[in-house]
Every structure is written in C-alpha cells, then in structure tokens.
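Please open the model in your viewer, with a cartoon representation for the strands and sticks ready for the side chains. The stops below go from strands to rings to enclosed space, each with a selection to make.

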Amino acid sequence: MANKTYIIYLIILLAFSSSELKASDWKMLVDLKGRWQFTVGDDPEWARPETDTHDWDVIDAPKAWEHYYEGYNGYAWYRKKFGLTELPKTKMVHLFLGFIDDVDEVFINGQKVGQTGGFFPNYETAYDKERHYLVPVSLLSNSENTIVIRVYDEGREGGILRADKFGLYSDLDQDRMVVDLSGMWKFSTDNFGQMNSPQTSDEQWNEIYVPMNWESQGYADYNGKAWYRKRFALPESLKGEELYLVLGKIDDYDEVYLNGHKIGSVEELDGYSRFQRNNAWSLYRIYKIPSNYLRSKNLLSVQVEDVFEFGGIYEGPVGIMKAEDIQGFRERTRWQEQNSGWNSFFQELIRLFD
C-alpha cells in the first residue's frame, strides 16, 4: 500500500514539475552527472586541486554511496575535473548539486564556494535541502577546473543522492539585466542608527554573495534582521529610461532603499497577502525605480527579516531591467508564484517516503 501511495504522489509531483514555468531561464554550462573520484575518510588537504588521487575509487553521482560502500557512515570526498568551452559574461554562475545526505562543503579550484548543514562539533543535518551555490566566474578557467565535495553522513543513505539539475548553469535572465547586481554585497546583522542612510559607514561590514542564502555563507541558524548593501554606477545610456529593480526571491521580508529613499517592500507587491504572510519567501521582488532617486553613483540598501530556516536574498536574477523586458519576466514568474505552495506540499509528501 505504501508503494502505491508513493507512486501516486510521485505522479502528481511530476505533473506539477513538468508544467512549472521556471522564472529563471537556465543554460547548462557543465554537466556533472557521471563518474567521480571518491574516497572515504577525511583530510582538509584533499580540497587542494593538486592532491594526489591515484588510489581513489571511482563511483557514479548522483547516487547513494551505499551502492558501492554498503553500510558506510562517516566522512567521504568526491572529486571531478571539468572544462568550459566559454566563460559567461555574468559575474556569477550557479552550481546545482541536488540533495546530499547529510552535510556538505564544496570547493572549486581550491576555494570554498558553499556549505549546507553543520559538521561536528556543531552537527546539523541538511539531507532535505537542495544544494544551490554561486560560483564567481573569475574563479573558473577555460581549460581545466577541479570541483571537490566533502560530505558527512550520519546514517542510512549517504552522499550525493539525487538531483534534477546537476552541474554548472548560467541564468539567461541575469544576462538580460542592463545592470548586473549579482555577486559580492556588503552584509551586516547589526542594526544601529540609520542603516539605510548613505552617511552610515559600511567599512566594517562583512561581504556575502547574492543571490545565495546566508546560512551557506557562515550565518548558520541565524534568524532575525540583516542589512545588505550594494554600490553601482548608472550608465549614461540608461538615464531617462524607465527602469525596474529585480531582487529575485527573499526569505522572508524586505524593505528596499535607493540612496536612502524607500522604493519598495514585499508588503506592497500584488501577490502579497497579510493573511498568508508565510508565503512571502516565494514572491519575486520587482520594484519600479523612481527616476528622481537615481544618480550617477548609487547605494542600494536592503533590510531582510528571516523568521526561520534559510534567510536572505537567496534566488536570482538580481539587477536592473528595462521596462520593455519586465513584462515578459513577470509573466514567467506568475505561474511559479501561484503554485509554489502546491509544489512544496507535494515535495514534503514525497520526502515522507524517502
């Protein structure tokens, strides 16, 4: 009976997933499915690209490592080399790694690009979280690159289990931004004085990638308010144009300021309902920019409040878009926003049978 119920739920979920209109228009750059080098154990030196791996095993991913190492629980490392035929023009590319049981830490060309869950002594499983990391294009090479994934599994199935998208992708909607705001932003969990004011210094603030949840960037388990800041120059060719700020998806609530002036918040969006405030994370932030607030040099300040689980500006695209492009983008996002609750519901049902 359980198998029959699982199949019914799976069919429903696939029906929803196949018809879902993704807001982001993804282009695969590198397919990472297939054979990976693999070893059990744990050594931080294995993150280095020059590590000697002649005695490592070879296994398939995504696929539970129990297919090769039956009953194994503990630390293990994955490793794979890849090339790129061309580097995208955007500042960042997206790395999708599906679901990993339980905790992972990811390195590309020796530099850490993300982590989900917590290793010991602060262990926290993240078996039910889909991995999505940002990779700076400046970190990549046209010739040869090395991705290394450190994984810890506490019990049952372990490793890189399953994935819809599994590889490096570029977001074509990000290419459509006339001002690309993805990449490194200033970030602070403090809240003192006029945090949205250009006169408030951010020299002591930390830096964080956008779009990516802050839990993957050193702020595990942080719930509450935080501030993002980004400085950008407005090209002369855009002065006088009708422009829109796109901030992708934010978990959970936001207030947005340009040069100290508030230009929007999630509560002002058409899809927002105060009776369903817990769905704010699923809405795409699109705010019209008042032309009289724009300068040649600008400061964008975003206050984000996270209630629980992941937080921050977690999904793109992020940038400034012309009015002539914004309508098409809105149409692509509308279906996804309206059905995000159903997709989450069916995903949870499926996971009950994992």
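Two strands are taken to pair here if DSSP finds at least two bridges between them. Please also keep in mind throughout that the model is a predicted one.

**First stop: strand S4 and its neighbours**

Begin by selecting strand S2, residues 34-40, together with S4, and you will find the two paired in the antiparallel sense over 4 bridges. Within this pairing, Phe38 has Tyr78 of S4 as its bridge partner, while Gln37 stands opposite Arg79 in S4. Next, add strand S9, residues 145-153, which pairs with S4 in the antiparallel sense over 9 bridges; here the residue to click is Lys80, whose bridge partner in S9 is Ile147.

How many of the 9 residues of strand S4 are buried? Colouring residues 74-82 by accessibility should bring out that 8 of the 9 are buried, so strand S4 is largely enclosed by the rest of the structure.

Now widen the selection to the whole sheet, which is open, has 6 strands with antiparallel pairing, and runs in the order S3-S2-S4-S9-S6-S7. Its edges are strand S3 (57-61) and strand S7 (111-116), each of which pairs on one side only. Looking across this sheet, you can follow a twist that averages 30° from one strand to the next.

**Second stop: aromatic rings**

Show the rings of Phe, Tyr and Trp, among which a search of the whole structure finds 23 aromatic pairs. One of them joins Trp36 and Phe166 in a tilted arrangement, with 6.1 Å from centre to centre and 55° between the planes. This pair links distant parts of the chain, since Trp36 belongs to strand S2 whereas Phe166 sits in the loop between strand S10 (159-162) and strand S11 (167-171), 130 residues apart. Are these two residues, Trp36 and Phe166, buried or exposed? Both Trp36 and Phe166 are buried.

Keeping those two selected, add Phe38, Trp65, Tyr69, Tyr72 and Tyr78, and you have one aromatic cluster on display. Phe38 and Tyr78 will be familiar from the first stop, as the bridge partners in S2 and S4.

**Third stop: a second sheet**

Move on to an open sheet of 4 strands, again with antiparallel pairing, in the order S12-S21-S16-S19. Strand S12 (179-180) and strand S19 (284-288) are its edge strands, each pairing on one side only. For a view of the interior of this sheet order, select strand S16, residues 243-251, and strand S21, residues 312-322, which pair in the antiparallel sense over 8 bridges; in that pairing, the bridge partner of Tyr244 in S21 is Met321.

**Last stop: the cavities**

Finish with the enclosed space, where the count comes to 2 cavities of 30 Å³ or more. For the largest cavity, with a volume of about 40 Å³, select Thr90, Met92, His94, Leu134, Asp171, Gln174, Ser182 and Pro211, which line it. This lining divides into 3 nonpolar, 4 polar and 1 charged residues.

What lines the second largest cavity? Selecting Phe232, Leu245, Leu258, Ile263, Ile289, Leu300 and Ile320 shows its lining, around a space of about 30 Å³. By class, the lining of this second largest cavity has 7 nonpolar residues, no polar residues and no charged ones.

Terms used:
Residues are numbered from 1 along each chain as its sequence is written. This is a predicted model: local features need pLDDT of at least 70, side-chain atom pairs count only at pLDDT 80 or more; totals for chains, interfaces and linings use all residues. Side-chain values use heavy atoms; hydrogens and water are left out. On a 1 Å grid over the protein atoms alone, a cavity is a set of points where a 1.4 Å probe fits but cannot get out, and a pocket is an open set with protein on both sides within 12 Å along at least five of seven lines; lining residues have an atom within 4 Å of a point. Grid points are joined across faces, edges and corners, and a volume is the space filled by probe spheres set on the points. Ala, Val, Leu, Ile, Met, Phe, Trp, Tyr, Cys and Pro count as nonpolar, Asp, Glu, Lys and Arg as charged, and the others, Gly among them, as polar. Buried means under 20% relative accessible area, exposed over 50%, partly exposed in between (1.4 Å probe, protein chains only). Axes are lines fitted to C-alpha atoms, for helices over the stretch in contact, and angles run from 0 to 180 degrees between N-to-C directions. Rings of Phe, Tyr and Trp (its six-membered ring) pair if their centres lie within 6.5 Å; planes under 30 degrees apart count as stacked, over 60 as edge-to-face and the rest as tilted.
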